Amino acid sequence: MSDCIFCKIIAGEIPSDKIYEDDMTVAFRDLHPQAPVHFLVVPKKHIECAADITAENSAEVARCFEVIAKLAEQEKLQGGFRVINNCGENAGQTVPHIHFHVLAGEVMGEKII
Ligand code: AMP
Ligand code: ZN
């Protein structure tokens, strides 16, 4: 997707604070962190949101969660972390390329769930 900001990060066309990359995924620190540790795990394949996950592309999503587990160790998140995905307008999704927020480094406050 030529106008997708995360596709541009994946292609190296715009800079990011990348902490991990493999053949299917990238992870980089969020530009506007909402917790002491806040990074995004993103499949390289342009899937718009969680509503678009299918049997054909679910391996990309599964890989994101393998990477989250790996990065939890790398980033020393033994105290725990929260994973958030926003899908669509009502959820406040601002970048239409599926991504998983990983938040950590403090006791999470008021719970949404
Ligand atoms: P969402 O609202 O769930 O779509 O989350 C999009 C996230 O992407 C927000 O937390 C933004 O701060 C973050 N973001 C947007 N542009 C960039 C960028 N160029 N580098 C890193 N994070 C970004
Ligand atoms: Zn994209």
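How many bridges join strand 4 to strand 5, and in which direction do the two strands run? Hello everyone, let's start there. This is a predicted model, so please keep that in mind as we go. In this model, strand 4 and strand 5, which covers residues 100-104, are joined by 4 bridges and run antiparallel. One residue to find on your screen is Val83, whose bridge partner in strand 5 is Val102.

Now let's step back to the whole sheet. It is an open sheet of 5 strands, paired antiparallel, and the order is 1-2-3-5-4. Which strands stand at the edges? They are strand 1 (18-21) and strand 4 (81-84). Each has a single partner strand, so one side of each is left without a neighbour in the sheet. From one strand to the next, the twist averages 20°.

What packs on this sheet? Helix 2 does, and it touches strand 1, strand 2 (25-29), strand 3, strand 4 and strand 5. The direction of helix 2 makes about 150° with that of strand 3.

Let's move to a single residue, Ile53. You will find Ile53 in the loop between strand 3 (37-43) and helix 2 (58-74). Is Ile53 buried, partly exposed or exposed? Its relative accessibility is 34%, and therefore Ile53 counts as partly exposed. Leaving aside residues up to four places away in sequence, Ile53 touches Ser58, Val61 and Ile98. Take a look at Ile98: it sits 45 residues from Ile53 in sequence, while their C-alpha atoms are 9.5 Å apart in space.

Finally, the pockets. The largest pocket has a volume of about 480 Å³. It is lined by 24 residues, and those closest to its centre are Phe6, Asp30, Leu31, His32 and Leu40. Helix 1 (5-10), strand 2, strand 3 and strand 5 each give two or more residues to that lining, and the largest share, 3 residues, comes from helix 1. By class, the lining of the largest pocket has 11 nonpolar, 10 polar and 3 charged residues.

The second largest pocket has a volume of about 300 Å³. Of its 12 lining residues, Arg82, Ile84, Leu103, Glu110 and Ile112 are the closest to the centre. Which strand gives the most to this lining? We are back at strand 4, which gives 3 residues. The lining of the second largest pocket divides into 7 nonpolar, 2 polar and 3 charged residues.

Thanks for listening!

Note on methods: Residues numbered from 1 in each chain as written. Chains lettered and ligands numbered in written order. Predicted model: local features only at pLDDT ≥ 70, side-chain atom pairs only at ≥ 80, totals over all residues. Heavy atoms only, no water. Buried < 20%, exposed > 50% of the residue type's maximum accessible area, 1.4 Å probe, protein only. Contact = heavy atoms within 4.5 Å. Pairing = 2+ DSSP bridges. Axes fitted to C-alpha atoms, helices over the stretch in contact; angles between N-to-C directions. 1 Å grid on protein atoms, 1.4 Å probe; cavity = no way out; pocket = protein on both sides within 12 Å on 5 of 7 lines; lining within 4 Å. Points joined across faces, edges and corners; volume = space filled by probe spheres on them. Nonpolar A, V, L, I, M, F, W, Y, C, P; charged D, E, K, R; others polar.
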